[in-house]
Amino acid sequence: MTDRELMSKAKAASMNAYAPYSRFQVGAALECDDGTVFTGCNVENAALGSTICAERTACVKAVSEGHRSFRRLAIYADSENWCTPCGACRQFLTEFSPDIEILCARAGDRYVSYKLSELLPHTFAF
Ligand code: THU
């Protein structure tokens, strides 16, 4: 699958976002080492701290289906800024694939790409 195809899955997933509080809809598409793709969206809650980001939704779906090794993650939000993963999602993804490639989009067709290890160096582990 090309980067653009993965990103279009992330964009489609963003349409399912439940974001009545922030109105900020995010979609993610996580590609496993065997090529399987899991998508996710942000799911907000009136208790705002209970909100789950799109990236963690996709990751939890994958792990709960027996996948623990990932190679690419696409993130899409119809925003002005590149949608990079929040700190909690960086730590969460590092648990499984510290070197995953992360494609971050914003409104339009362009995206930027990072290694997770660039976004979260010197990660916590024990
Ligand atoms: N959000 C994500 O789903 N992923 C990100 O990378 C950044 C933030 C969500 C959480 C919340 O529902 C909304 O965007 C605003 O922070």
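## Out in the open: arginine 23 and histidine 122

Is arginine 23 buried or exposed in this structure? Let's find out, keeping in mind that the model is a predicted one. Arginine 23 has a relative accessible area of 69%, so it counts as exposed. You can find arginine 23 in the loop between α1 and β1, the strand of residues 26-32. Its backbone has something to notice too: phi of arginine 23 is near 60 degrees, a positive value in a residue other than glycine.

Now look for histidine 122, in the segment after α4. Histidine 122 is not a glycine, yet its phi is positive, at about 50 degrees. With 82% relative accessibility, histidine 122 is exposed. For a glycine with a positive phi, go to glycine 66, just after α2, where the angle is about 95 degrees.

## Two neighbours along the chain: serine 14 and methionine 15

Helix α1 covers residues 3-14, and serine 14 belongs to it. Serine 14 counts as buried because its relative accessible area is 4%, under the 20% cut-off. Which residues does serine 14 touch, leaving aside those up to four places away in sequence? They are Gln25, Val26, Gly27 and Tyr76. The side chain of serine 14 also reaches the backbone oxygen of lysine 11, at 2.6 Å.

Methionine 15 sits in the loop between α1 and β1. Here the relative accessible area is 58%, so methionine 15 is exposed. To get a feel for distances in the model, compare methionine 15 with valine 63: they are 48 residues apart in sequence, and their C-alpha atoms are 23 Å apart in space.

## Helices and what they pack against

Which residues of helix α3, residues 87-94, are buried? They are Cys89, Arg90, Leu93 and Thr94. Viewed down the axis of α3, these buried residues fall within an arc of 135 degrees, so they line one face of the helix. A general point about helices helps here: an α-helix has 3.6 residues a turn, so residues three or four places apart point the same way. The buried residues of α3 pack against α2 (54-64), β3 (70-77) and α4 (116-119).

Helix α2 has buried residues too, namely Ala54, Glu55, Thr57, Ala58, Cys59 and Ala62. The partners they pack against are β1, β2 (37-41), β3 and α3.

## Buried residues in loops: serine 97 and cysteine 83

Loops can hold buried residues as well. Take serine 97, in the loop between α3 and β4 (101-105). Serine 97 has 6% relative accessibility, so it counts as buried. Its side chain reaches the backbone nitrogen of phenylalanine 70 at 2.8 Å. Not counting residues up to four places away in sequence, serine 97 touches Arg68, Ser69, Phe70 and Leu116.

Cysteine 83 lies in the loop between β3 and α3. Because its relative accessible area is 8%, cysteine 83 is buried. Leaving out residues up to four places away in sequence, cysteine 83 touches Phe24, Val26, Ile75, Ala77, Cys104 and Ala105. Try finding alanine 107 as well: it is 24 residues from cysteine 83 along the chain, with 9.5 Å between their C-alpha atoms.

## Around the ligand

Which residues come nearest to the ligand? Of the 13 residues around it, these are Asn42, Glu44, Cys53, Ala54 and Glu55. By class, the shell around the ligand is made up of seven nonpolar, four polar and two charged residues.

Oxygen atoms of the ligand have polar protein atoms beside them. A polar side-chain atom of glutamate 44 is 2.5 Å from a ligand oxygen. For alanine 54, a polar backbone atom lies 2.9 Å from an oxygen atom of the ligand. Threonine 84 also offers a polar backbone atom, 3.3 Å from a ligand oxygen. How much of the ligand's area does the protein bury? Taken alone, the ligand exposes 370 Å², and the protein buries 78% of that.

Definitions and conventions:
Residues numbered from 1 in each chain as written. Predicted model: local features only at pLDDT ≥ 70, side-chain atom pairs only at ≥ 80, totals over all residues. Heavy atoms only, no water. Helix = DSSP H or I, 4+ residues; strand = E, 2+ residues; numbered from the N terminus. Buried < 20%, exposed > 50% of the residue type's maximum accessible area, 1.4 Å probe, protein only. Polar contact = N/O pair within 3.5 Å; in protein donor to acceptor, adjacent residues only side chain to side chain. Contact = heavy atoms within 4.5 Å. Arc of directions from axis to C-beta. Near = heavy atom within 4 Å. Areas by Shrake-Rupley, 256 points an atom, 1.4 Å probe, with all protein chains shown as cover. Nonpolar A, V, L, I, M, F, W, Y, C, P; charged D, E, K, R; others polar.
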